[in-house]
Every structure is written in structure tokens, then in C-alpha cells.
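Thanks for coming, everyone. I would like to walk through one strand and its neighbours, and then turn to a metal site.

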Amino acid sequence: MTVCSVLRMGEPLLLAVADEVTAFDTLELHALIQDMEDTMAALDGAGLAAPQIGVSLRVVIFGKEEDRSENLRYPDANSVPYTVLINPKLTFLGHEQEDGLEGCLSVPGLRGIVPRHTHLHYSGFDQYGKWVERTVSDFHARVVQHECDHLDGILYPMRMTDLTTFGYADDIFPDQPLP
Ligand code: NI
């Protein structure tokens, strides 16, 4: 169990374009995923990208373990299955976008409304090199866009179009749960 410290906005590494993973099912990659899982769970995040713990590789994890089985029988817009996604590719489906509240472990204490594509297809690999692909919408699509942005050095405030919706969680939208 290793809970890593999460880099905060201002660290240059968060603005870097991360490198592709070239070897799968290695001890190093499994250790990275374990560290990311432990860190995301300890901080109760919706997702985490490797650069946030100081590793500039194109690896993200997102979703909740308990949603793996639940969302099969009881589909829920806010339910995202636990997913490891490496070297991801996103394809937006249509031009529809929607506004939604976001937070980020690298921008602690703050929240903001971010426009994101509503529908997209994503693909990539898991830590064993197995192909992963899904077509998703709404919150699931938002989480994927947020996490994959980290791999290109983009933090959610850089996607905001109305900074009047950016503020401290306790003061702005206090009744809304963190995505
Ligand atoms: Ni983030």
C-alpha cells in the first residue's frame, strides 16, 4: 500500500506531454498501477493520471471498484466502471457538449464548471496489453476527457470558459457532490 503525494498545479511536470508506454505486463507498470490505485482510493478521487504522481507516462485510471458489477444490472449515469487505460485515443462523437462541475486532486479545494464533449469513443490498453474500448456519454465521458487531458499537460481550469464558476468548494456549489 503506497499512497503517493499528488503534484499540485504549478508543478512543471503537470504541464508536460507524457510519453507512450512501450512495454506491458512488466513489474514496473504493475507497480505504477498499484501506486495509482492506492493513491486514488486514499484520496477518494474519481480518477488519476500517472503524471499526477510524478510519472510522465500515458496511463490513467478512473471509476470505482464497486461499480464493476452494479452498473451492469442497474445502469446509472454517474456509475463508471473501474478502468485502467494506457496510451488512450479519444474520438468525439458529434459536436454536442455539456457543462459540468469538476474538481482535481492536483487543484485541491477548488471546483469549476467545464464544458466537455457529451459522447465519445475511447480505446487503449490495460496493464496487461489487452485492448480496451468503449463508447460512453455524460459523466463517464467527462471523467475520461479530464484524465486524458492530464497526459497532454492540460488541467481543467485551462478548459473553463466562465471563470465566474471557479471557486473554493465550500463556497461555490456547496451542495453539489464532487464528480
Ligand atoms: Ni485531475
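Leu101 has Ile113 in S5 as its bridge partner, and this pair belongs to the contact between strand S4 (residues 97-102) and S5, which run antiparallel and are joined by six bridges. Strands, like helices, are DSSP runs numbered from the N terminus, with at least two residues for a strand (E) and at least four for a helix (H or I), and two strands pair if DSSP finds at least two bridges between them. This is a predicted model, in which local features need pLDDT of at least 70 and side-chain atom pairs count only at pLDDT 80 or more, while totals for chains, interfaces and linings use all residues. Residues are numbered from 1 along each chain as its sequence is written, and side-chain values use heavy atoms, with hydrogens and water left out.

S5 is also joined to strand S8 (residues 167-168) by two bridges, again antiparallel, and there Arg111 stands opposite Gly167. In a regular strand the side chains alternate between the two faces of the sheet. In S5, Leu110, Gly112, Val114 and Arg116 point one way, Arg111, Ile113, Pro115 and His117 the other, and all are buried, meaning under 20% relative accessible area with a 1.4 Å probe and protein chains only.

Now the metal: the nickel ion has Cys104 (SG), His146 (NE2) and His150 (NE2) as its protein donors, 2.1 to 2.3 Å away, where donors are N, O and S atoms within 2.8 Å of the metal (3.2 Å for Na, K and Ca), and sites may look incomplete because water is not among the atoms. His146 and His150 are separated by about one helical turn, because they are four residues apart in helix H3 (residues 138-150). His146 is buried at a relative accessible area of 7%, and His150 is buried at 2%.

Conventions. Buried means under 20% relative accessible area, exposed over 50%, partly exposed in between (1.4 Å probe, protein chains only).
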